[in-house]
Amino acid sequence: HRYIAFRAAGGDDDDVPSTSYQNSLETTIKRKSKQVEAALQELGMEGLEERLSSATQNPASPAYKLSRLVSETTQMQGRAVIVVEVTRATPATTPQQLAAIAKTAIQCGADALCVR
């Protein structure tokens, strides 16, 4: 019913209000896809090809800590790396609450965190 009222008020599918059953992964993928699309439009095909070419010719030095962690963990320990993304559930989420979530993730076995 909220969707029908929203559409009747002139809203479009890109701005559909979230519902209690909406999948947060789906929402994240949609948001990230829009960000990538905007970055690609800004960069253009020539810029993209230049970046891809330079990335393969001049790899980051020193290697990123995360890529080093993944490499060492998979080669030395023979297991996958667990990376946990910690985000604000609501705008009211405090830094202390994020820290508590991050600490719990580490206690549960996370090898790396991405905190937003």
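Is T73 buried or exposed? In this predicted model, T73 counts as buried because its relative accessibility is 5%, under the 20% that sets the limit for a buried residue. The surroundings of T73, and those of several other residues, are described below after an outline of the chain.

The chain contains four helices and two strands. Read from the N terminus, these elements follow the order α-α-α-β-α-β. Of the 116 residues of the chain, 9% count as buried. The accessible surface of the chain amounts to about 9,600 Å², and carbon and sulfur atoms contribute 57% of this area. Among the contacts in the chain with a separation of 6 or more, 41% are accounted for by residues 24 or more positions apart.

T73 is part of helix α3. Its side chain reaches the backbone oxygen of L69 at a distance of 2.8 Å. When neighbours within four places in sequence are left aside, the residues in contact with T73 are G78, R79, A80 and V81. One of these contact partners, R79, also takes part in a salt bridge, in which its side chain meets that of D111.

Side chains of opposite charge can pair when their charged atoms come close. The structure holds one salt bridge, formed by the side chains of D111 and R79 with an N to O distance of 2.9 Å. The pair links distant parts of the chain, the two residues being 32 residues apart. R79 is located in the loop between α3 (65-77) and β1 (83-86), whereas D111 is located in the loop between α4 (95-107) and β2 (112-115). Both partners fall into the intermediate class of accessibility: D111 counts as partly exposed because its relative accessibility is 26%, and R79 counts as partly exposed because its value is 33%.

A further buried threonine is found outside the helices. T93 lies in the loop between β1 and α4, and its relative accessibility of 9% means that T93 counts as buried. The side chain of T93 reaches the backbone oxygen of T90 at 3.0 Å. With neighbours within four places in sequence left aside, T93 is in contact with R88 and L98. Side chains reaching backbone oxygens are thus described for T73 and for T93.

In helix α4, A105 likewise counts as buried, because its relative accessibility is 14%. Apart from neighbours within four places in sequence, A105 is in contact with V84, A110 and L113. A105 and V83 are separated by 22 residues in sequence, and their C-alpha atoms lie 9.3 Å apart in space.

V83 also belongs to a nonpolar patch on the surface, which it forms with L66 and V70. Together, these residues have about 220 Å² of accessible area. V70 lies in helix α3, as does T73. The two residues of this helix nevertheless fall into separate classes: V70 counts as partly exposed because its relative accessibility is 34%, while T73, at 5%, counts as buried.

Methods: Residues numbered from 1 in each chain as written. Predicted model: local features only at pLDDT ≥ 70, side-chain atom pairs only at ≥ 80, totals over all residues. Heavy atoms only, no water. Salt bridge = Lys/Arg side-chain N within 4 Å of Asp/Glu carboxyl O. Buried < 20%, exposed > 50% of the residue type's maximum accessible area, 1.4 Å probe, protein only. Polar contact = N/O pair within 3.5 Å; in protein donor to acceptor, adjacent residues only side chain to side chain. Contact = heavy atoms within 4.5 Å. Patch = residues over 30% accessible without salt bridge, like charges linked within 9 Å, V, L, I, M, F, W, Y side chains within 5 Å. Areas by Shrake-Rupley, 256 points an atom, 1.4 Å probe, with all protein chains shown as cover.
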